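Dear colleague,

I am handing over the structure below for you to look at. My notes on it follow.

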Amino acid sequence: QKLRDNVDRIEGVDLSQNMLKLSREKDVYDHLELDDYNDFLLKRENSVDLVTAADVLVYVGDLAKTFSSASKALVKGGLFAASFELLNENKCLQNCDGWHLTKSGRFSHRSQYLVSLATQNNLAVKVSQEFNPRYEIEIPVHGILFIF
């Protein structure tokens with residue numbers, strides 16, 4: 001809602017009809033579409049000022065395609081703002097080169113992995129802020145907000 005006052009147009013995408021219904025009820029979006037996040041972005045090549053993903057990318061492990069499609073959608077000088085759960089190295093039991101599937105069914109990511117993907121897609125870190133995006137069993141989850 002806060003974003004609404006600072007932009008001309010807001011579009012949203014989700015794979016779930018139920019989530020789109022909830023989004024419509026908020027009366028914030030100019031356009032909502034049932035689609036895959038990456039496919040949605042690729043249809044908007046070089047036409048978007050700001051791509052956001054708040055508490056969305058925790059459901060994706062390998063984010064290479066996501067960073068690529070976000071980068072392609074952005075106009076020159078556009079921004080990609082996204083939140084992530086940070087990988088707790090002590091809980092990494094398998095191959096954790098860049099991400100790890102947690103017991104909650106969400107993925108956590110290494111900060112270095114995210115910065116590397118940004119760099120590979122001509123995106124530079126503008127803001128990096130650690131925070132707690134949510135609580136799990138009353139314990140704060142360690143997260144990070146990046147603006148590229």
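**Notes on the model**

Leaving aside its neighbours within four places in sequence, Ser-128 is in contact (heavy atoms within 4.5 Å) with Ile-144, Leu-145 and Phe-146. This is a predicted model, in which local features need pLDDT of at least 70 and side-chain atom pairs count only at pLDDT 80 or more, while totals for chains, interfaces and linings use all residues. Residues are numbered from 1 along each chain as its sequence is written, and side-chain values use heavy atoms, with hydrogens and water left out.

Ser-128 lies in strand S7 (residues 127–131), where strands (E, at least two residues) and helices (H or I, at least four) are DSSP runs numbered from the N terminus. Because its relative accessibility is 43%, Ser-128 counts as partly exposed, that is, between buried (under 20% relative accessible area) and exposed (over 50%), with a 1.4 Å probe and protein chains only. From Ser-128 to Phe-148 the C-alpha to C-alpha distance is 8.8 Å, with their positions 20 residues apart in sequence.

The largest nonpolar core, meaning a set of buried Ala, Val, Leu, Ile, Met, Phe, Trp, Tyr and Cys residues joined through side-chain atoms within 4.5 Å, has 24 residues, and Phe-84 is among those with the most contacts inside it. Helix H3 (64–73) and strand S10 (143–147) are among the elements that each supply at least two residues of this core, and its largest share, five residues, comes from S4. Setting aside neighbours within four places in sequence, Phe-84 has contacts that include Leu-57, His-109 and Phe-146.

Finally, just after H1, Asp-27 takes a positive phi of about 55 degrees.

Best regards
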